[in-house]
Structures are given as structure tokens and as C-alpha cells.
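Good morning, colleagues. Please take a moment with the sequence and the structure as they come up, and then I shall go through a few local features.

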Amino acid sequence: SIKRGLEAEGFAADIALDGVEGLWRAKEGDYDVVVLDIMLPAMNGYQVCRTLKADPATTDRPILVLTAKDEPTDHFWAREVGADDFLTKPVDLPELIRRIEDLTERR
């Protein structure tokens, strides 16, 4: 899994089972980066991203969208709601790590 791969590289990682839990975790936790899928139950990733970017407490937290959706409209809407980066699944772990590191350096 992506979580195990990140942990093996020294990252701390949490998983949320749906968008509502993900939003709660992102707001309550002190995460350096939020990696967010678009296709989530209860609240989709676009809604989670828009909510985090609208909240002064989390607006500066980088969000990387990681999803199987790869149409131009998916890229457009991810940027439109405030995502800082976009990767498609299946993901190459070294590329994901590089993108996370780039986002944390910009912060």
C-alpha cells in the first residue's frame, strides 16, 4: 500500500476511509501535506480540498491529489478547488515522495 511505502521511507502517514473523516483528520492533525483522492464516499475529494483551502487554519497546507481520474477536467477541477499538485494512480512511489518533498519545501 501507499501508506506502508511512505512509512518505509520514514514518513508518518494516516488513512481516512471517506471524505468526512479525511476532512476531520486534516483539520485536527498537524500534517505537512494532505494526499487526497477524488473518489471518496460521503464527501468527494474536490469538496474536501475546497473546504481545507477555504479555512484559514488549513489554507496553506499543501494538497496533492492522487487519483485514478486523469481527464483534463479532473486536472482542471483539482486546481480550481486549490490542489497544489496532481498525480494519477497507479503511482510510482519515488515520484510520490519527490512531489511530497517538493510541496513541503515550498511551505
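Which residue in strand 3 does Leu66 stand opposite? The partner is Leu87. I should say at once that we are looking at a predicted model.

Let me place that pair in its setting. Strand 2 covers residues 63–67, and strand 3 covers residues 85–88. The two strands pair in the parallel sense, with four bridges between them. Helix 4, residues 72–80, joins with strand 2 and strand 3 to make a β-α-β unit, and this unit is right-handed.

I turn now to the loop that lies between helix 3, residues 45–54, and strand 2; Thr58 is located there. Is Thr58 buried or exposed? Its relative accessibility is 3%, and because the cut-off for buried is under 20%, Thr58 counts as buried. If we set aside the neighbours within four places in sequence, the residues in contact with Thr58 are Ala26, Lys27 and Leu52. Of these, Ala26 and Lys27 fall within helix 2, residues 19–28.

My last residue is Ala16, in the loop between helix 1, residues 2–8, and helix 2. Ala16 has a relative accessibility of 28%, and therefore counts as partly exposed. With neighbours within four places in sequence again left aside, Ala16 is in contact with Glu21, Gly22 and Arg25. How far apart in space are Ala16 and Ala57, C-alpha to C-alpha? The distance is 20 Å, and the two residues are 41 residues apart in sequence.

Thank you for your attention.

Terms used: Residues are numbered from 1 along each chain as its sequence is written. This is a predicted model: local features need pLDDT of at least 70, side-chain atom pairs count only at pLDDT 80 or more; totals for chains, interfaces and linings use all residues. Side-chain values use heavy atoms; hydrogens and water are left out. Buried means under 20% relative accessible area, exposed over 50%, partly exposed in between (1.4 Å probe, protein chains only). Contact means heavy atoms within 4.5 Å. Two strands pair if DSSP finds at least two bridges between them. A crossover is right-handed if, with the strands pointing away from the viewer, the path from the first strand over the helix to the second runs clockwise.
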